[in-house]
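Welcome! Have the sequence and the 3D view open side by side, and let us walk through how the pieces fit together.

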Amino acid sequence: MDGLAIPLNHVLIVATLLFITGLAGLMFRRNVIFILMALEVMLNSAGLAFVAAGTAWQQADGQVIFMLILAVAAAEVSVGLGLVLQIQRRFRTLDMDRATRLNS
Amino acid sequence: MLNYVWLIPLLPFISSVLLILTAGRLPRKLIAVFGAGSVGLAALLVFAIGLQFMQTQTPYSVQLWTWMDIGDFTPGFSFYIDQLSIVMMSIITGVGFLIHLYSTEFMQHDSDYSRYFAYMNMFVAAMLILVMADNLLLLYLGWEGVGVCSYLLVGFWYKDAANGAASRKAFIVTRIGDTAMALGLFLLFTELRTLQIQPMLEAANNTWAIGDIMPAIAALLLLGGALGKSAQLPLHTWLPDAMAGPTPVSALIHAATMVTAGVYLIARTHGLFLLAPDVLMLVAIIGLATLLIAAFAALNQTDIKRILAYSTISQIGYMFLALGVGAWSASIFHLMTHAFFKALLFLAAGAVIHCLHHQHNIFKMGGLRGKLPIVFWSFLIGSAALAALPFTSGFFSKDQILLSAFEMHGPATSFASNIGLNFNLGPWLWAGGLLGALLTAIYSFRLVFIVFFGESHTEPDKQPGWRMATPLALLCVMSLIGGWFALPLANVFPPSAEHHVSYLIEGISIAIPLIGVLLAWLIYYKKINSFSFFTDSSNGQALRRFWKSGWAIDRLYNSVLVSPYIAIANAMRGEWLDKIYHGVVSICVGSHQLLSNSQSGKIRWYLISMVFGLIVLVSILGWAN
Amino acid sequence: MIMLTLILVLLIGGAVSWWSERFGSNTPRLCALAIVVADLIYLLVATSSLSTEPFAIGASAPTWLLSYQLDWIPRFGISLHLAMDGLSLILITLTLVLGAIAIISSWNEKNQRQGFFQANILWTLAGVVGVFLAVDLFLFFLFWEVMLVPMYLLIAIWGHEGRAYASMKFFIFTQLSGLLMLVAILLLAKLHHSATGVYSFSYFELLNLDIDSNTAYWLMLGFFIAFVVKLPSFPFHTWLPDAHTQAPTAGSVILAGILLKTGAYGLIRFTVPLFPNAALEFAPIAMTLGVAGIIYGAVMAFSQSDFKRLVAYSSVSHMGFVLLGVFAWNALALQGAVMQMVAHGFSTAALFMIAGALQQRLHTRDMNKMGGLWHHMPRMGAVALFFALASLGLPGLGNFVAEFLVLVGLFAVSPWTTAVAALGLITAAIYSLIMMQKAFYGQPSSEFEVDDFAILDMAAMGVMIIALIGLGLYPQPVFDLVQPVIDALLAATMGGAL
């Protein structure tokens, strides 16, 4: 495969931006749904970096890891949505700042 | 017989243990038999042993068992019998038996009959151990033992809190002296490597020279013990209060035996005191000061027993005076005669109190001469001996003391000349003693005239029975003729010089007590009081109150020692040290709260701090590389 | 094997008495009493029939009566090494006698969960016996902790109103100081490793370790603090009044009678012999603490109105004498210290039993609410009087022998310290007599219609009375047992302390 049109660096920058976007969402959104979405963004940014790296080094590992990330993301979403339901049921809200049971 | 000497303290001890174990379940008759009988048996044994001892005259010592054996510290449970111990043992068991006999009637209606005799017998046993001990540690055992028995007996009627306070005072004040004495024991053992009295005195003589500092300190510390036990200045304040106990107890413990233990101790260790002439001089001065202060106090009391208590302090002052001037046998002689007449006086006073429904105030008595004849004659004879009227026992002993004091040439001590005491102290001591003798005669006959003459205020409701009368009669005889015996103490003490005083001095010594009696007769019988212009003035009243309170020494100690101790203890009660530990705890709790605040439970907060931390970590790593 | 049996009997016995609860609530204490008495008899029979002469272990002097070694963690030089000499024999005998008395003292208390209660008592005893026997420092630390936990439970579960605070305080004080000792032990093993190439926790091998003086001083402090907290010495004593006051009677008896002695034992066995030079350097401070404890404890005891607190502070005062005796470090003072451990064990245990009996009858420990009790309970009054006199150091009783020996030994070392310490004799009289006055003398009140001591109580008291009189009049057997140990210790530290 020759002639990768886009340089690896650019892809990585995009992935970093995506990751920061996700992280920011994680940090600054209060709604659980949005937090989950932010997580997905972060996972996918990592996936993007893997794919790009795999392509750059002509190795299949990047793609394999991306598949794994997809699976993990799916599992995570199912657990996460389950948690969302529970939180909704217990706290009657999806605002994470009001679910402070960890503070004994 | 001498082999059975250990039986003497054992008999009363066994009786005491028996009475404690049966806890009052024996019939009263049996209790009396055990209580008085055991002491009587011991007295017989002492008599027999004394007779045998007089033939051999050599000190006899016996070791029952080794008490402790650690390195060269080997005090034994061992007795040392010489003339001095025999004299003391005779007084303790003889007078002791009479007082026990008297008690069987005096205490007849007390519900704690058995406990009383248990304590009394325990006392006799401890006192015997004290005078028979061959080492200072065993002596200390007896010494503390008699202290505890005194405590128990003073507080015998425990339901009255005042008695408890008096008994505690007695124990704690003497304990102060005892602690000094214990330190003396430590010093003597550390320096001389033995506590056995005779070898120790020998070692002291070989190690130290006259006037050295070490024997002076040791003698001072022992003197501290003697002052406490014998109620001398400045530790005398417990004795007047100790009169809270039953009267026979006062007779036995606080007149005849225990309070003279200090005199015995100094006489026993006179070899040590001879090495410390300064201390010896101090003994004489303390004796003189005590006898005068106590005599003035006795003159102004109204409680019959307190008068006798102050008189006891005063008479022991004479013994200390004798010790201080080196008249050892005169001191022991006075100890013996004092035991007779003071026991007699206390027992007679007890009879008065017994027959007058526990009346103690002499001004509520009066006119008892015809109503209680036995008691009157006992009291009269006892007072005569106390006042040292010619040919009574007290006369001989007190006369010896005064003459010895007059003849003392001194002070020859380096310390005394260093502080400028170069004059001859002897005549001053003699004059002070004479003043004391005058006061003694006045206060003792004041008592006689007020209680037994004049109008009657309280009617006696009973007469003393035979168990009270017999001891009184026997003690009367002893008080009269007790001075005619020469005590066989020549082997124990260094020989003292013959008295070479002029007839004038001798005459004055005899005349002074007679003058005192005359004065008492004038003032208290004839009521001719030529001092009334002074005694009734406000200053005079204040002075009398001051004397009556025992020169306000109790008040002084209360404000200087007792109250501060209680105040400090109460101030510390809440354990202030815990404040420090609680401070540590508060620091922990505070920092816990600080840190737990960061644990808000807010997921986003955790996340933000994680990210922040990660950034910091990564930048540190990056910076480091 | 004898020693292992002694400990195992108590450990397993504890479980057995717990289990025996199913047969009724009285069986556990019967069972526990039987076990302790059996253990005591076994100890006496086994040690009196020893055929061998005292022998040496390692480089030590030939003073050991028994030794038993089993590999445990050989890689780190840790072994199950138990050894007994005269000192440990005396203290173990004391432990078992007082253990039996403690169980008797719990007879009348209506405690919940009797089985677990007795089990904890037996486990504490097992820990204490282990402490007195262990000569492997790791094993010693293990037993040190073993005796701590059941004691904590005794206070925390069966204590009085303030038990939570008291038990936690007790636990934290002893645990924290124990950790200091653990650090010191580990460092010692490490030092042994760097000196010889192998780790060792064996007492006998560590005795001969060369340690530079600075390190030795700090290690000595680690041991010292652990032991004086247990002793307890001023200013580490503040856990003791709370723990004693709140503990159930049996707990107080064991705590005061036995547990405090492990601290004194540790000082004699480990602190000074392991670091003689450092201990000598430290002796003036230790003696000052001892004297401060004597006076402070006595003054505090005087000011208390709680019977148990008074007795607890008197313990602080008495243990000051032990500290003095140990750091005077000569034959007389050490004998006195050991004697004080034994005599104080009896006298304080008895006073705590009396306090417990009073609390059970009057439902108060406040002496201001008592008074005139002699009238109601002459037997208890007489017994209390006896032990009050013992605790003020009446000659003829064990406590006097102890205090006198400590002071006479100390006098040769430091006369002025002795003079101040002797003030303790006066202050002891003050608090003992005030205790008698407040509780037993005075006007009897008709509110108290209470029973006197029963036969079983009097039997336990009688044992202790006879023991104290025996120790006071003929203490020589104890001296003879301890003397070789003390001579060996003194010889081994010669050139060090004194």
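In this predicted model, a good place to begin is a pair of helices in chain B: H14(B) and H15(B) are roughly antiparallel to each other, because their axes cross at roughly 175 degrees and angles over 145 degrees count as roughly antiparallel. From there we can move out to the chain contacts, the nonpolar core and the confidence scores.

**The helix pair in chain B**

- Helix H14 of chain B covers residues 304-324 and helix H15 of chain B covers residues 328-355, and their axes come within 9 Å.
- On the H14(B) side, the residues that meet H15(B) include B:Ile304, B:Leu308, B:Tyr318 and B:Leu323.
- On the H15(B) side, the residues that meet H14(B) include B:Trp328, B:Leu335, B:Phe346 and B:Val352.
- Sorted by type, the residues of this helix contact are 13 nonpolar, five polar and two charged.

**Where the chains touch**

- Two pairs of chains touch, and the pair with the most contacts is chains B and C.
- Chain C brings 40 residues to that contact, and chain B brings 39 residues.
- Several helices of chain C each supply at least two residues to the side that touches chain B, among them helix H11 (276-303), helix H13 (331-362) and helix H17 (415-439).
- Which helix gives the most to that side of chain C? H17(C) does, with nine residues.
- That side of chain C has 29 nonpolar residues, eleven polar and no charged.
- In the contact between chains A and B, nine residues of chain B meet nine residues of chain A.
- The chain B side of that contact holds four nonpolar residues, three polar and two charged.
- Chain A and chain C share no contact, and their closest C-alpha atoms are 22 Å apart.

**The largest nonpolar core**

- The largest nonpolar core has 435 residues, and those touching the most other members include B:Phe123, B:Leu321, B:Val352 and C:Val326.
- H13(C) provides the largest share of this core, with 20 residues.
- Leaving out residues up to four places away in sequence, B:Leu321 touches eight positions you can look up, including B:Ala284, B:Leu288, B:Ile401 and B:Leu429.

**How confident the predictor is in chain B**

- The average pLDDT of chain B is 85, and 96% of the residues score at least 70.
- Among the elements of chain B, helix H5 (residues 136-154) has the highest mean pLDDT, 92, while helix H18 (residues 414-418) has the lowest, 62.

Key:
Residues numbered from 1 in each chain as written. Chains lettered and ligands numbered in written order. Predicted model: local features only at pLDDT ≥ 70, side-chain atom pairs only at ≥ 80, totals over all residues. Contact = placed C-beta atoms within 7 Å. Helix = DSSP H or I, 4+ residues; strand = E, 2+ residues; numbered from the N terminus. Nonpolar A, V, L, I, M, F, W, Y, C, P; charged D, E, K, R; others polar. Axes fitted to C-alpha atoms, helices over the stretch in contact; angles between N-to-C directions. Parallel < 35°, antiparallel > 145°, perpendicular 65-115°, else oblique. pLDDT = per-residue confidence, 0-100. Core = buried A, V, L, I, M, F, W, Y, C linked by C-beta atoms within 7 Å. Buried ≥ 20, exposed ≤ 12 C-beta atoms within 10 Å, placed from the backbone.
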